[in-house]
Amino acid sequence: MKDQSPLTPGEFREAFDKARTDARDSFAKSGTDIVLQYLSETIGSLQSEGIDVSLAIRYGTHTNAYDMMYTVSGNGGGLIEAYGFIECGRTTHMFAVATKHADKDVLRVYVSEYNFTGEGGRRSADGGNSYRRHVISGECFDFNEDAEALQKLQKKIVGICAGNQVMLECDTAEVFNKEPAAVNKMQKPGGKLKL
């Protein structure tokens, strides 16, 4: 093995500052920064109204983010600059910000149709052959082509939150998404449960 020399603390800072500047410039050039600000403001507005919603965001990409883009918009390559998860209660929808698709500059946000943690995607198959790509249904909000993309995206997120809220309103026994109460094991067994 050849001798290795680590970066010095000063070199770490210099490398970090350069990488941060490069990422900031890339986001500004593609419009990703504006879309992320829209998402931040949307989630912030909902939270200020007391709605149980949060957004977990990741830099870079994820294979399922590409699979969702290809399922919704077709194959042809692309670039995802950010992805993450819109979490409303225990419902989770993946989102992805795409800046290229099929050799074309785009500015799109994809949101999965289904609860991502529970249903996710399914393997695509053709004539019995299974491929690596998953089919992940979703919606595309195209900020370069649709003047109402932001409002449509916001209404999608509001719809997810509203559906979750209505479901929780049906919890008359207050047991949805809660751990069972601790039971004293010294108690005598109760009578048979009658419904």
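This text walks through the salt bridges of a predicted model and then a loop with unusual backbone angles.

Start with the charged pairs. The whole structure holds seven salt bridges. Two of the pairs described here sit in helix 1, which spans residues 9–30. Arg-20 pairs with Asp-17, with their closest N and O atoms 3.1 Å apart. These partners are three residues apart, about one turn of the helix. Both are partly exposed: Arg-20 has a relative accessibility of 39%, and Asp-17 has 26%.

Asp-22 and Lys-18 form another bridge, with closest N and O atoms 2.8 Å apart. Here the spacing is four residues, again about one turn of helix 1. Asp-22 is partly exposed at 39%. Lys-18 counts as exposed because its 52% is over the 50% cut-off.

Now move to Lys-100 and Asp-105. Their side chains meet in a salt bridge, 2.4 Å from N to O. Lys-100 is partly exposed at 36%, while Asp-105 is exposed at 54%. Elsewhere, salt bridges with shared partners link Arg-13, Asp-17 and Arg-20 into one network.

Next comes the loop between strand 3 (91–101) and strand 4 (104–112). Most residues other than glycine have a negative phi. Ala-102, in this loop, has a positive phi of about 50 degrees. Asp-103 also lies in the loop, and its phi is positive too, near 60 degrees. How exposed is Asp-103? Its relative accessible area is 81%, so Asp-103 is exposed. Ala-102 is partly exposed, at 38%.

Technical notes. Residues numbered from 1 in each chain as written. Predicted model: local features only at pLDDT ≥ 70, side-chain atom pairs only at ≥ 80, totals over all residues. Heavy atoms only, no water. Buried < 20%, exposed > 50% of the residue type's maximum accessible area, 1.4 Å probe, protein only. Salt bridge = Lys/Arg side-chain N within 4 Å of Asp/Glu carboxyl O.
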